[in-house]
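Trainee: I'd like to learn how to read a chain–chain interface and then a small sheet. Can you walk me through both?

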Amino acid sequence: MTDVNSNHETGGEDSSRRDFLYIATVGAVGVGGVFAFWPFIDQMNPAADTLALSTTEINVGDLEEGAEITVKFRERPHFVRRRTAEEVAASAEVAVNSLPDGDARNANLAAGSPATDENRSALSAVIDDGVEVDETLRASLLVSGANCTHLGCVPTEGAGDYGAWFCPCHGSHYDTSGRIRRGPAPENLPIPPMTFISATTLRLG
Amino acid sequence: MSGPSTYEPKTGFTRWLDKRLPIARLGWDSFVDFPTPRNLNYWWTFGGILAVCLMIQILTGIVLAMHYVPHIDYSCASVERIDRDVNFGWLLRNSHANGASMFFLAVYLHMLRGLYYGSYKAPRELLWILGVVIYLLMMAAAFLGYVLPWGQMSFWGAMVITNLFGALPVVGTPVTEWLWGGFSVGNATLNRFFSLHYLIPFLIAGVVGLHIWALHVPGNNNPTGLTVKTGADTLPFHPYYTVKDGFAIVVFLIIFAFFVFYWPDALGHADNYVEADALVTPAHIVPEWYLLPFYAILRAVPDKLGGVILMFGAIGVLFILPWLDTSRVRSMRYRPMGRWFFLFFVIACLGLGWVGAELPDNKVPVLGVLGLDFLWMGRILTLYYFGYFLVVLPLLGLVEKPAERPASIERSVLGKDTFGAAAPVAALAE
């Protein structure tokens, strides 16, 4: 038997064996490093209990015309506004192609639906079987996320050029349909998934 | 300036130590015998002042963490408890909160010193870049720390800054949710911010070590911008600059103490004493004074992503500054046109700070009659800010005729009389 590690040039050291050890070590450290690194990154993502989606139920029957409340849904504030007939009419007259964001941004509708007032209002909400909801009520209700789509502040009610919401942080103006009209915000306020579970109870989520 | 070491161990123990761990030699060469240009003025004392600031922040921060509770239900109350009930808590918290402002005051003067005297130019490019890294880390630490009391400004500041990352295409939302650990700024966010706020000062200390190392290779720049040529141009660091730095540090601490003891809330916002409310944004949210110029740049652009890019670009441009300035003359003392552009640069920075504190649609006092609102003032000043770095400094070096410079640092200090032959006519006439 001859020593496989022995040759004249290396005096007993086999360079191919050393190369193999080198590549195997670097490979293990490199690949292992990436795998070991991932848990340290991923731990910062929302935890399982946070991800467990919740729902919020709102009694919209108590809302008088022109009134607005702010509710919390999945950690975020949401506006619930019962608009006056004049506000709905004014909002419905706006041509969609004149809006900075023409997308309805409505989780109840297909992506890319036009941002008409109808598509923004609670007319788009799902209605549970056997439930009847007044259509005027549905058309007058606007439920939307309350964080400005620019940098997340909550716009002030009843202010701005359109008499609906004005974001105090960087000056975005929204109309009574929650659509961005002027300012740095890129998108309309998002409409959450919603379902009428009774004539006056709206469930978000 | 790293020359041969002049350290000579005098006792048996120091000789024994020097052969094993030459730490006394390092200290001697760095802070006692270190050859320093003899003409440094008080603008050069801010390095030492900043070292003191970092130590104050770390010391007060470590003890504050013994009393602070990082939870959305208890943070606000625990900070009030520090103020009211913890022994000397009021002193520690006021020192820490005002210490951040003092730290930024000193770092801005330190940076403007570097900009005026051309300290960023070869061979000190890396020294400058390490400084910009420290500045970035300082901003991160300050932002994270500001969130901890969980007041209204804390919460909405955190909301706005984390939402900046939402401007990124495609990865925007996953990245912001990763930063928050939820669907919004919440308890998970507060916890991690506390952890990172505790970490960053030690990263800063590490980079400060590199910064000082990079300083001690080429040595200090000086007000003439001239390179040290002979030993006569320098003085040993101790006692000449230990004393000068020490005096400046004491004066600085007097100003610091004035704020801590007599005006502790002057640099903060009253809104931050209102506990965070995720449903209501305060009517007028602004960052701390030291971030206002960047806030103004962010708002100068009508586009979300554009504003974010421009704001980070305002700091990013500092990284390439050493290669933007084409002038061979370091010090603005001898750049008759450059010093005017520099003066307007300082005014632009202060002006951006003012714009950042105002509502964009408000009219500027006096200039408002011309229709100038703060939005447009911010745009004009932002243009000048970038113009200074990207147009003025690259082009000026090619067209400007520098003023006459002294022959050496030594002559600039000791006057021409010592070298009669070189005395200019004006000096003879006196």
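Mentor: We'll take the interface, then the sheet, keeping in mind that this is a predicted model.

Trainee: How many residues of chain B are in contact with chain A?

Mentor: Start with who touches whom: 28 residues of chain B are in contact with 30 residues of chain A.

Trainee: And how much area do chain B and chain A bury between them?

Mentor: Look at the amount and at the atoms behind it. The two chains bury about 2,400 Å² between them, and 62% of that is on carbon and sulfur atoms. On the chain B side, B:W178, B:F183 and B:L279 lose the most area to chain A, together making up 31% of what that side buries.

Trainee: Which elements give two or more residues to the side of chain B that touches chain A?

Mentor: Map the contacts onto secondary structure: they are α7 (152–164), α8 (172–180) and α11 (292–300) of chain B. By class, that side of chain B has 18 nonpolar, five polar and five charged residues.

Trainee: What is the count of salt bridges between chain B and chain A?

Mentor: Zero. Check polar contacts separately, though: eight residue pairs are in polar contact between chain B and chain A, counting pairs with both residues at pLDDT 80 or more.

Trainee: Now the sheet in chain A. What is the order of its four strands?

Mentor: Read across the sheet: β6-β7-β8-β9, an open sheet with antiparallel pairing. Its edge strands, β6 (156–157) and β9 (180–182) of chain A, each pair on one side only.

Trainee: Over how many bridges do β8 and β9 of chain A pair?

Mentor: Strand β8 (residues 173–174) pairs with β9(A) over two bridges, in the antiparallel sense. To see the register, find A:Y174, which stands opposite A:I180 in β9(A).

Definitions and conventions
Residues are numbered from 1 along each chain as its sequence is written. Chains are lettered from A and ligands numbered from 1 in the order in which they are written. This is a predicted model: local features need pLDDT of at least 70, side-chain atom pairs count only at pLDDT 80 or more; totals for chains, interfaces and linings use all residues. Side-chain values use heavy atoms; hydrogens and water are left out. Contact means heavy atoms within 4.5 Å. Buried area is the accessible area (1.4 Å probe) that two parts lose on being put together, summed over both. A salt bridge is a side-chain nitrogen of Lys or Arg within 4 Å of a carboxyl oxygen of Asp or Glu. A polar contact is a pair of N or O atoms within 3.5 Å; within protein, one must be able to donate a hydrogen and the other to accept it, and residues adjacent in sequence count only if both atoms are side-chain atoms. Ala, Val, Leu, Ile, Met, Phe, Trp, Tyr, Cys and Pro count as nonpolar, Asp, Glu, Lys and Arg as charged, and the others, Gly among them, as polar. Two strands pair if DSSP finds at least two bridges between them.
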